[in-house]
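Trainee: Could you take me through one part of this protein in detail? I would like a close look at the largest pocket, and then at what else is worth knowing around it.

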Amino acid sequence: MTRLLHLIVVFVLIASNAAFAAPCQFDSQGDGRVSAVVDARSLRLDDGREIRLAGVEPTATTKQALTALLVGREVVLRGTDDTPDRYGRQGAILFVGEGDISVQETLLAQGDALVSAEITDKDCAAALMASEAKARRQKKGSWADPSAIKNPESPDDILAGIGRFVVVEGKVLSVRQAGAMTYLNFGRNWTRGFAVTISKRTLPAFESAGIPIKSLENKRIRVRGWIEGNTGPRIDLRLAGQVELLDANEPTGVRP
């Protein structure tokens, strides 16, 4: 009986640790010492490997923050795929030493990065979003700038950021389909107003994530992605994580 009780206690402790395990703890993809920060999204290790920070997009302060956090430090690389990108960089979630809070979470919590939505693991994605949300509420880092969240009522302001990764908040006025493309229109002028585009082949991913696209009509949402467009500004949605449905009572980030 004593042995059985002991086994039960051990099982409960293991289950509890699993339940409260830190997020983004993927398989280890190696480790190393950071010798230099190459740019706002990548760094170099002593052995010559170049690492790209997965899950985040940089802001104006990212490179400086990375330099302060990582140069000369031992890091552990974690991820689901260590295949180098076309620039030879290994994408990874980084941890300093034996820490269980990722470098990405730290950057986001300081307001020194934006969530890219490329991480599909639900727990890790939620942790990254929570870190960003905390910095946004506290107006830390880049969120101290009133223009950090773009207003779809000012499409020219959004279009001025063409080629940049931005966050936009607003109300979807209509959902329309044209050929193989679905449009979430934020303005009455479909040509010049801000809109989000979703290709037909991508729609199932949103349905699977519990986001029926048609249901977004007349809803306030937050979207993130790269600005493109020759007339009105556009963000092309490829991942369900690029969309957040906002609560009706949630304060807008457009007007701090």
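Mentor: Happy to! About 550 Å³ of space lies in the largest pocket. It has 20 lining residues, and those closest to the pocket's centre are I119, A125, A209, A240 and G241. Please keep in mind that this is a predicted model, and that the values here are computed from it.

Let us see where that lining comes from. Three elements each supply at least two of its residues: helix α4 (122-137), helix α6 (203-208) and strand β15 (243-245). The largest share belongs to α4, which gives four residues. In chemical terms, the lining of the largest pocket splits into 13 nonpolar, three polar and four charged residues.

A good residue to visit next is A117, which sits in the loop between β7 (113-115) and α4. Its relative accessibility is 9%, so A117 counts as buried, the cut-off being under 20%. Leaving aside residues up to four places away in sequence, A117 touches G55, R224, L239, G241 and Q242. You have already met one of these, G241, among the residues closest to the centre of the largest pocket. A117 also lies 8.8 Å from G225, C-alpha to C-alpha, although 108 residues separate the two in sequence.

Helix α4 brings us to the disulfide. The structure holds one, formed by C24 and C124 with their sulfur atoms 2.0 Å apart. The link of C24 and C124 is right-handed, with 95 degrees about the S-S bond. C124 belongs to helix α4, while C24 lies in the loop between α1 (2-19) and β1 (28-39), so the pair ties together parts that are 100 residues apart in sequence. Both C24 and C124 are buried. As a reminder for the bench, a disulfide is a covalent bond between the sulfur atoms of two cysteines.

Besides the pocket, there is an enclosed space to look at. The model has one cavity of 30 Å³ or more, and the space in this largest cavity is about 40 Å³. The residues around the cavity are A40, R41, L53, V56, E57, P58, T62 and A113. Strand β4 (residues 56-58) gives the most to this lining, with three residues. By type, the cavity lining has five nonpolar residues, one polar and two charged.

From the cavity, T62 leads on to helix α2, which runs over residues 62-70. T62 lines the cavity, and T62 is also one of the buried residues of α2, along with A65, L66 and L70. These four cover an arc of only 105 degrees around the axis, which puts them on the same side of the helix. Q64 and A68 are exposed on the other side of α2. Just after this helix, G72 takes a positive phi of about 85 degrees.

Finally, here is the wider setting for these parts. The protein chain has six helices and 15 strands. Of its 256 residues, 43% count as buried. Among contacts in the chain with a separation of 6 or more, 63% are between residues 24 or more positions apart. If you go back to the structure now, try starting at A117, in the loop between β7 and α4, then follow α4 to C124 and its bond with C24.

Terms used:
Residues numbered from 1 in each chain as written. Predicted model: local features only at pLDDT ≥ 70, side-chain atom pairs only at ≥ 80, totals over all residues. Heavy atoms only, no water. 1 Å grid on protein atoms, 1.4 Å probe; cavity = no way out; pocket = protein on both sides within 12 Å on 5 of 7 lines; lining within 4 Å. Points joined across faces, edges and corners; volume = space filled by probe spheres on them. Nonpolar A, V, L, I, M, F, W, Y, C, P; charged D, E, K, R; others polar. Disulfide = S-S within 2.5 Å. Buried < 20%, exposed > 50% of the residue type's maximum accessible area, 1.4 Å probe, protein only. Contact = heavy atoms within 4.5 Å. Arc of directions from axis to C-beta.
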